[in-house]
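User: I've got a model loaded and want to talk through how it's put together. Can you walk me through it?

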Amino acid sequence: MVDGIIVFDAVGTLIQPTVEVWRSYLECGRRHGSKVTADEIPSRIKLAYQTHFGVFSESDSDGRSSDAVEHELWMRVVFDVFEDVSENKQQLIFEELWDYFASPDSWRLFDDVEYALNRLSSFRWLAIGSNFDSRIKPIAKSFELIQQMPVFCSAELGFRKPASSFYDELQKSLESELPSPNFDSTALYFIGDDYENDCAGPTRSGWIGLWLNRQNESATCNSSSVIQFASLIEAADWIRKQHDKDSTPWPD
């Protein structure tokens with residue numbers, strides 16, 4: 001058993017929507033009379049998301065989270081995307097999308113998850129740390145491959161990534177829930193698809209931040225100093241290699 005903790009982000013790392021987000025928004029909006037087009041909606045979603053969930057300053061309180069906060073922020077996103085309909089219809093669209101993305105049927109695992117988890121199965125603790133509300137727990141539990149992993153979400157930890165308090169509260173939760181972790185001698189890995197939230201943020205808090213750069217994006221710093229991978233397969237192989245002290249090949 002390898003004495004290490006690996007925390008995975010959820011959306012974009014382990015799971016992805018079964019239908020593209022913009023398409024789900026588009027179809028829902030059309031059912032309620034919106035005229036926003038397929039060409040317009042991806043950029044509208046991106047702008048609204050950046051406005052309400054974008055990186056915040058450590059000096060302000062925007063990093064605080066709860067189910068109520070996350071619910072309000074997502075409502076603002078939906079209202080911004082569908083400005084062409086009445087407030088009543090905006091509310092109906094939001095409620096429909098909120099329930100839709102709460103359903104496990106709206107999500108699927110990435111193809112590389114099974115390989116990565118098998119490759120890292122000898123590690124003592126694997127967990128999930130997500131910028132999500134409590135809807136993420138039943139979603140994660142619906143997938144056999146990840147249903148045994150402890151799930152920690154921002155809404156329950158009280159802070160969103162990349163606030164340092166998120167990783168501090170996550171570590172406290174791990175200490176209380178996992179069997180006898182010795183954090184003084186344990187390697188703490190955090191891996192996810194968002195550079196700031198899953199690589200830079202945890203690195204600043206003393207974790208080993210790993211960027212799952214599925215889209216081959218550019219980092220906001222010197223990319224040569226960033227530990228990044230194109231897939232969970234690459235990431236899992238790299239982590240295993242770090243703990244292969246004797247350079248003995250790991251069994252598949």
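User: What is the strand order in the open sheet of 6 strands?

Analyst: Keep in mind that this is a predicted model. The open sheet has 6 strands, and the pairing is parallel. Reading across, the order is β5-β4-β1-β6-β7-β8.

User: Which strands stand at the edges of the sheet, and why is one side of each left without a neighbour?

Analyst: Each edge strand has just a single partner, so one side has no neighbour in the sheet. For one of them, that partner is β4 (residues 123-130), which pairs with β5 in the parallel sense over 3 bridges. The edge strands are β5 (151-153) and β8 (228-229).

User: Which residue in β5 is the bridge partner of S130?

Analyst: β4 covers residues 123-130 and pairs with β5. Look across from S130 into β5 and you land on C153.

User: Which helix gives the most to the largest nonpolar core?

Analyst: That core has 57 residues, with I6, F8 and I146 among those having the most contacts inside it. The top contributor puts in 6 residues and spans 67-81: helix α3.

User: At what angle do α2 and α3 pack, and how far apart are their axes?

Analyst: α2 (residues 41-53) passes α3 in a right-handed crossing. The contact includes I45, Y49 and F53 of α2 and L73, W74 and V77 of α3. By class, it has 9 nonpolar, 1 polar and 4 charged residues. The helices pack at about 145°, with axes 9 Å apart.

Terms used: Residues are numbered from 1 along each chain as its sequence is written. This is a predicted model: local features need pLDDT of at least 70, side-chain atom pairs count only at pLDDT 80 or more; totals for chains, interfaces and linings use all residues. Side-chain values use heavy atoms; hydrogens and water are left out. Two strands pair if DSSP finds at least two bridges between them. Helices (H or I, at least four residues) and strands (E, at least two) are DSSP runs, numbered from the N terminus. A nonpolar core is a set of buried Ala, Val, Leu, Ile, Met, Phe, Trp, Tyr and Cys residues joined through side-chain atoms within 4.5 Å. Buried means under 20% relative accessible area, exposed over 50%, partly exposed in between (1.4 Å probe, protein chains only). Axes are lines fitted to C-alpha atoms, for helices over the stretch in contact, and angles run from 0 to 180 degrees between N-to-C directions. A crossing is left-handed if the near helix is turned anticlockwise from the far one by less than a right angle, and right-handed if clockwise. Contact means heavy atoms within 4.5 Å. Ala, Val, Leu, Ile, Met, Phe, Trp, Tyr, Cys and Pro count as nonpolar, Asp, Glu, Lys and Arg as charged, and the others, Gly among them, as polar.
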